[in-house]
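Hi,

Here is the structure I promised to pass on to you. Have a look at it first, and then read on for what I found.

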Amino acid sequence: MSKKILIIASNTSSIGPHKRRTGIFLPEVAHPYAEFDRAKYQVDFVSLTGEPPFLDALNLAADPDNLAFLVGKGWSDMLKAKKLADVDVGTYDAIFIPGGLAPMADMPEHPLLKQVIQQTYERGAVVGAVCHGPVSLLNVKLSSGAYLIAGKNITSFTNDEEENYAKADVPFELETALVNQGAIFHKVDPWQPNSLADGKLVTGQNPASAKGVAEKMIALLSAE
C-alpha cells in the first residue's frame, strides 16, 4: 500500500524589520517532492492558514527537479493546499516541513502545529524537516512534558550560515534555540549536504540537504 506524506507549509511572505520577501525555499520542497514521487508515495499539502503558500528562490528553476515541480503537479497541488486544522494528520505515514525563512515567522509557537508534531511523533510516524523547517520542532512537548528535541541528534540551518544570509531578518538564531531546548546539534561546513535521522525524526541542515532528508524518510518508511 502506498505511503502518504503530508507537507506542511508556512504562509509567510515577508520577514524581519525590512519586510524581506520570503516563502518556502524552492529546492527544499521540490527535491523532497521528487523523491517521494519517485517512491510512488501520495503527497498532499497543507498550510497553516489554508491560503496558498509563497515560494522563494525561483531563480533556481533551471534545476531539473525544481523545474519539474514548478511546471508539474507539485506546485499546482501546493497552491491548493488545505488548512492544517481541516486535515486528519493521523492518516499520514509521515509529515515533512520544508524551510525557507518563512517558517521562522509563523511556526515557532503555532499551537496546532506543535500538537500535530507531538501526536505524529508519539504514534510512531516519521517527522522530517529541513533548513529553517526544524523551527517547527521548537516548543513541542511530549506527553511526558519533555521537549521533543531534548537529547535528540538533529540539525538545521546553522548560525554560521545565517551570519551571511539573514541574521538581520530572523527573530532568533535557530541553531541556538534548538540547543537551548536540549538538542544534540550536528553541523558541517556551511551550505554542504548534511542530513541525519534519530529514530523517526529526520532533519537536514540547508537546501543541499533536502534530498538527503527525503531519502532517509523513505528508508524509514520502507523498513516498516
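Below are my notes, going from the whole chain to one helix and then to three loop residues.

Please keep in mind that this is a predicted model. The protein has eight helices and 13 strands. Its radius of gyration is 16 Å, close to the 17 Å that the globule rule gives for 224 residues, so the protein is as compact as a globular protein of that length. The C-alpha trace spans about 40 × 40 × 30 Å along its principal axes. Of the 224 residues, 55% count as buried. Contacts reach far along the chain: taking those between residues at least 6 apart in sequence, 75% join residues at least 24 apart.

As for the surface, the accessible area comes to about 9300 Å², and 53% of this belongs to carbon and sulfur atoms. There are 20 positive and 26 negative side chains, with the centres of the two sets 5 Å apart.

The helix I would show you is H8, residues 210-222. With 13 residues at 1.5 Å each, H8 should span 18 Å, and its end C-alpha atoms are indeed 18 Å apart. Its buried residues are Ala210, Gly212, Val213, Ala214, Met217, Ile218 and Leu221. What do these buried residues of H8 pack against? Their partners are helix H1 (26-38) and five strands that I list here by number: S1 (4-9), S8 (94-97), S9 (126-130), S12 (195-198) and S13 (201-204).

Now for the loops. Pro53 is found between strands S5 (42-47) and S6 (55-56). Pro53 is buried, with a relative accessible area of 4%. Beyond its neighbours within four places in sequence, Pro53 is in contact with Ala9, Ser10, Asn11, Ser47, Trp75, Met78 and Ala81. Gly182, by contrast, is 129 residues from Pro53 in sequence and 31 Å from it in space, C-alpha to C-alpha.

Two other loop residues have a positive phi without being glycine. Lys19 has a phi of about 55° and sits in the loop between strands S2 (14-15) and S3 (20-21). Ala57 has a phi near 65° and lies in the loop between S6 and helix H2 (64-71). Which of the two categories, buried or exposed, does Lys19 fall into? At 62% relative accessibility, which is over the 50% cut-off, Lys19 counts as exposed. Ala57, at 6%, counts as buried.

Enjoy looking through it!

Best wishes

Key:
Residues are numbered from 1 along each chain as its sequence is written. This is a predicted model: local features need pLDDT of at least 70, side-chain atom pairs count only at pLDDT 80 or more; totals for chains, interfaces and linings use all residues. Side-chain values use heavy atoms; hydrogens and water are left out. Helices (H or I, at least four residues) and strands (E, at least two) are DSSP runs, numbered from the N terminus. The radius of gyration is taken over C-alpha atoms; the globule rule is 2.2 Å times the number of residues to the power 0.38. Buried means under 20% relative accessible area, exposed over 50%, partly exposed in between (1.4 Å probe, protein chains only). Contact means heavy atoms within 4.5 Å. Accessible areas come from the Shrake-Rupley method with a 1.4 Å probe; for residues, only the protein chains shown count as cover. Lys and Arg count as positive and Asp and Glu as negative; His and the chain ends are not counted. The place of a charge is taken as NZ of Lys, CZ of Arg, CG of Asp or CD of Glu. The expected span of a helix is 1.5 Å times one less than its number of residues.
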